[in-house]
Each structure stands twice: as C-alpha cells, then as structure tokens.
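Dear colleague,

Please find the structure below, handed over for your consideration. A description of its sheets and helix packing follows.

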Amino acid sequence: MKHDAIVTKVTRHAPHIVTVHFTLCDGAAPVYPFTAGQYLSVYFDETGVREGKAYSISATPWDNELAITVKDVSGPFSSRLCALKPGNHLTVSSPFGFFNVHDDTPITAIAAGVGVSPILSIIRDELKKDAARPVSLYFTAPHENELVFRSRIDELFSTATQAQAHYFV
C-alpha cells in the first residue's frame with residue numbers, strides 16, 4: 001500500500017548523508033505500525049521505477065515520526081531524497097521485512113555507513129524494553145564524518161549497563 005507523506009525535518013550528517021523525517025498525510029495517525037529493523041519503499045513517479053526503492057526505517061516504533069537515512073550516491077532516488085526540504089511530499093509504502101530481533105539473547109551487530117540505520121532502530125527499541133540487555137555494536141565507515149549517529153549511539157550506550165560500541169575508520 002502506498003502512503004502520501006510530508007517531510008517534517010531533514011538532518012544533514014555529512015555533505016552527502018541525510019536523515020529525512022516525515023509523517024503520513026493519508027490517515028489519522030502520523031505513523032503506521034512497524035517493527036524496528038523493517039524497511040519501506042520510496043516512489044518518485046518521474047524515475048519510471050514502478051517498484052520504488054527500498055530504504056531501512058531509521059525511526060523506532062515509538063517515535064512520533066518515520067525516518068530514513070540516505071547517502072547520496074548520485075542515483076535517481078538518493079539524489080532526490082537528499083534534496084528534500086521540510087514541507088515537501090513523498091510517497092512511501094507500508095513497512096516490509098523480517099530483519100528484527102526474535103528472542104532475548106545478547107545482540108551483536110556489525111554495520112557500515114548508513115547501514116547502521118536499521119540496526120540503531122533495533123538497538124534503541126530493544127534497550128528501551130531492557131536497558132540491561134547486552135549489546136555489542138561494531139561500526140565502520142570510510143571517513144569519520146560518515147559514522148552517522150555516533151553521538152546518538154554514544155549517548156544511548158552511556159545509559160545502558162551492558163552496551164559497547166566499537167568504531168573503525
């Protein structure tokens with residue numbers, strides 16, 4: 001199912017990396033139910049790509065908005081998404097995917113660049129449920145400024161009793 005959405009905020013992490021925050025316009029709720037780790041598809045009619053392009057949801061199910069984090073790779077979708085401004089509209093799908101936690105074992109996650117988006121969503125959601133849950137995150141990027149969400153991760157992990165983040169550049 002496709003949904004009309006409006007951009008509420010754009011956070012620039014680096015010259016070519018943004019998080020686009022948005023809410024839904026086509027229903028009573030600003031967000032739809034989803035599970036941390038899921039993705040959605042974005043549609044731009046002018047691209048001619050009917051199936052859209054998939055992006056992981058950066059938000060958590062308890063946030064009041066949806067968000068996706070995008071690296072501009074000069075593609076037809078990433079360039080358009082990185083150029084969005086608050087007030088712009090976009091079309092998104094309902095959530096898909098099963099990249100999520102299925103038990104209460106310790107979490108060990110490996111991420112690179114903006115690929116940390118669904119992992120951070122999962123970790124934030126799981127630590128809200130259990131701040132004592134053991135979490136290890138191994139996060140790499142080609143440049144220091146591409147360790148998106150690093151300050152957010154450090155802040156989150158500082159309040160968790162058994163969480164460790166390891167960064168590699």
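**The parallel sheet**

Tyr138 has His166 in S9 as its bridge partner. Please note that the model is predicted. The pair just named belongs to the contact between S8 and strand S9 (residues 163-168), two strands that run parallel and are joined by 6 bridges. Elsewhere along S9, Ala163 stands opposite Val135.

On the other side, S8 (residues 135-140) is joined to strand S7 (residues 107-112), again in parallel and again by 6 bridges. Here Ala109 has Leu137 in S8 as its bridge partner. Between these two strands the chain passes through H2, and the resulting β-α-β crossover from S7 to S8 is right-handed. A right-handed β-α-β unit is likewise made by S8, H3 and S9.

Taken together, the strands form an open sheet of 3 strands with parallel pairing, in the order S7-S8-S9. S7 and S9 are its edge strands, each of them pairing on one side only. On average, neighbouring strands in this sheet are turned by 10° against each other, with direction ignored.

**Helix packing**

How do the two helices of these crossovers lie against each other, and against the strands? Two packed helices are described by the angle between their axes and the distance between the axes. For helix H2 (residues 116-129) and helix H3 (residues 150-159), the angle is about 20° and the axes are 11 Å apart. H2 is therefore roughly parallel to H3, an angle under 35 degrees being the cut-off for that term. The crossing in which H2 passes H3 is left-handed.

The contact is made by Val116, Leu120, Ile123, Arg124 and Leu127 of H2, which meet Arg152, Ile153, Leu156 and Phe157 of H3. Sorted by class, this contact of H2 with H3 holds 7 nonpolar and 2 charged residues, and no polar ones. As for the strands, H3 lies across S8 and S9, and its direction is at about 155° to that of S9.

**The antiparallel sheet**

The model also contains an open sheet of 6 strands, with antiparallel pairing and the order S4-S3-S6-S1-S2-S5. Its edges are strand S4 (53-56) and strand S5 (66-71); each has a single partner strand, so one side of each is left without a neighbour in the sheet. Neighbouring strands here are turned by 45° against each other on average, direction ignored.

Within this sheet, strand S1 (residues 2-14) pairs with strand S2 (residues 17-24) over 8 bridges in the antiparallel sense. S1 and S2 form a hairpin, with 2 residues between them. Two bridge pairs illustrate the register: Thr11 is partnered by Thr19 in S2, and Lys9 by His21 in S2.

S1 also pairs with strand S6 (residues 89-93), in the antiparallel sense and over 5 bridges. In that pairing, His3 stands opposite Val92 of S6.

**Summary**

In brief, the predicted model holds an open sheet of 3 strands with parallel pairing and an open sheet of 6 strands with antiparallel pairing. The crossover from S7 through H2 to S8 is right-handed, as is the β-α-β unit of S8, H3 and S9, while H2 and H3 pack at an angle of about 20°.

With kind regards

How values were computed: Residues are numbered from 1 along each chain as its sequence is written. This is a predicted model: local features need pLDDT of at least 70, side-chain atom pairs count only at pLDDT 80 or more; totals for chains, interfaces and linings use all residues. Side-chain values use heavy atoms; hydrogens and water are left out. Axes are lines fitted to C-alpha atoms, for helices over the stretch in contact, and angles run from 0 to 180 degrees between N-to-C directions. Helices (H or I, at least four residues) and strands (E, at least two) are DSSP runs, numbered from the N terminus. Angles under 35 degrees count as roughly parallel, over 145 as roughly antiparallel, 65 to 115 as roughly perpendicular and the rest as oblique. A crossing is left-handed if the near helix is turned anticlockwise from the far one by less than a right angle, and right-handed if clockwise. Contact means heavy atoms within 4.5 Å. Ala, Val, Leu, Ile, Met, Phe, Trp, Tyr, Cys and Pro count as nonpolar, Asp, Glu, Lys and Arg as charged, and the others, Gly among them, as polar. Two strands pair if DSSP finds at least two bridges between them. A crossover is right-handed if, with the strands pointing away from the viewer, the path from the first strand over the helix to the second runs clockwise.
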